[in-house]
Amino acid sequence: MTSALPSSIPVSQLGLSASEAQILHQHQQIALQNQAYAHSASTRGRGHARTSASTSRAASAASSGHGRLVLDPGSLAVLGQHFERLMAAIQNRVEQLTAQTQTSTINQSFRAGAAMAAADAEIARFREIIRQIDELETEFDKVRHIRDIVKGFRARVDGLERRMDARGSRR
């Protein structure tokens, strides 16, 4: 006596969360619809009614048996292939995003390096300006000192001139 395998099992028996069960159900429907579409396109007019009927039954069971996983070997194979393609597409997208992230990071690094080089150049220019200001202040102090000495000599010369004028007018 052989016991017949059930045609589907409740998704709740698979240990999935509610969101995972919903994803499984959605993708089971998508996979079976894609298979039915591909199969009908490839067998159009060839008279493969038996295969077409089992595909239709699996798609119907998947859509009507919400919360159940169809255990038909063909349906499981289609679902497995669908998830393989989905995983490959996700992996491809992850790789694309990783490459974009690396490119962005490299570009940002170059921009940061250029900004640092520009900042270093501005700091060097600023230091040169400060050095020149210091030199000018030193020169200014020297010139002021010389000016004060010249003022002192001028005052003495003026004093001597006045004395000489005063002596010359006495004569």
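**Note on the predicted model: helix α3, its salt bridges and the nonpolar core**

At 42% relative accessibility, glutamate 135 is classed as partly exposed. The model under review is predicted, and the points below start from this residue and its partners before turning to the rest of the chain.

1. **Glutamate 135 and its partner.** The side chain of glutamate 135 forms a salt bridge with that of arginine 131, with an N to O distance of 2.1 Å. Both residues belong to helix α3, where they lie four residues apart, about one turn of the helix. Arginine 131, like its partner, counts as partly exposed, with a relative accessibility of 37%.

2. **A second bridge at arginine 131.** Which other glutamate meets the side chain of arginine 131 in a salt bridge? The residue is glutamate 128, and the N to O distance is 2.3 Å. Arginine 131 and glutamate 128 are three residues apart in helix α3, again about one turn. Glutamate 128 has 32% relative accessibility and is therefore partly exposed. Taken together, Glu128, Arg131 and Glu135 are linked in a network of salt bridges. The spacing fits a general rule: an α-helix has 3.6 residues a turn, so residues three or four places apart point the same way.

3. **A further pair in α3.** Arginine 125 and glutamate 122 also meet through their side chains in a salt bridge, at 3.1 Å from N to O. They are about one helical turn from each other because they stand three residues apart in helix α3. Both are partly exposed: arginine 125 has a relative accessible area of 48%, and glutamate 122 has 42% relative accessibility. Over the whole structure, the search finds six salt bridges. In general, side chains of opposite charge can pair when their charged atoms come close.

4. **Geometry and burial of α3.** Does the end-to-end distance of α3 agree or disagree with the span expected from its 98 residues? It agrees: at 1.5 Å a residue the helix should span 146 Å, and its end C-alpha atoms are 141 Å apart. The buried residues of α3 are Ser75, Val78, Leu79, His82 and Gly159.

5. **Nonpolar surface on α3.** Met87, Ile90 and Val94 make a nonpolar surface patch of about 280 Å². Of these, valine 94 is found in helix α3, and its relative accessibility of 41% places it among the partly exposed residues.

6. **The nonpolar core.** Nine residues make up the largest nonpolar core: Ile9, Val11, Ala21, Leu24, Ala31, Leu32, Leu69, Val78 and Leu79. Two elements, α1 (18-43) and α3 (73-170), each give two or more residues to this core. The most comes from α1, with four residues. As a general tendency, nonpolar side chains in soluble globular proteins are buried together.

7. **Leucine 69 within the core.** Which residues does leucine 69 contact, once its neighbours within four places in sequence are left aside? The contacts are Ser7, Ser8, Ile9, Val11, Leu14, Leu24, Gln28, Leu76 and Leu79. Among them, Ile9, Val11, Leu24 and Leu79 are also listed in the largest nonpolar core, as is leucine 69.

8. **The chain as a whole.** Three helices and two strands form the secondary structure of the protein chain, and their order along the sequence is β-α-α-β-α. Of the 171 residues, 13% are buried. The exposed area is about 13,600 Å², of which carbon and sulfur atoms supply 59%. Among contacts between residues at least 6 apart in sequence, 74% join residues at least 24 apart.

Technical notes:
Residues numbered from 1 in each chain as written. Predicted model: local features only at pLDDT ≥ 70, side-chain atom pairs only at ≥ 80, totals over all residues. Heavy atoms only, no water. Buried < 20%, exposed > 50% of the residue type's maximum accessible area, 1.4 Å probe, protein only. Contact = heavy atoms within 4.5 Å. Areas by Shrake-Rupley, 256 points an atom, 1.4 Å probe, with all protein chains shown as cover. Core = buried A, V, L, I, M, F, W, Y, C linked by side-chain atoms within 4.5 Å. Expected span 1.5 Å × (residues − 1). Salt bridge = Lys/Arg side-chain N within 4 Å of Asp/Glu carboxyl O. Patch = residues over 30% accessible without salt bridge, like charges linked within 9 Å, V, L, I, M, F, W, Y side chains within 5 Å.
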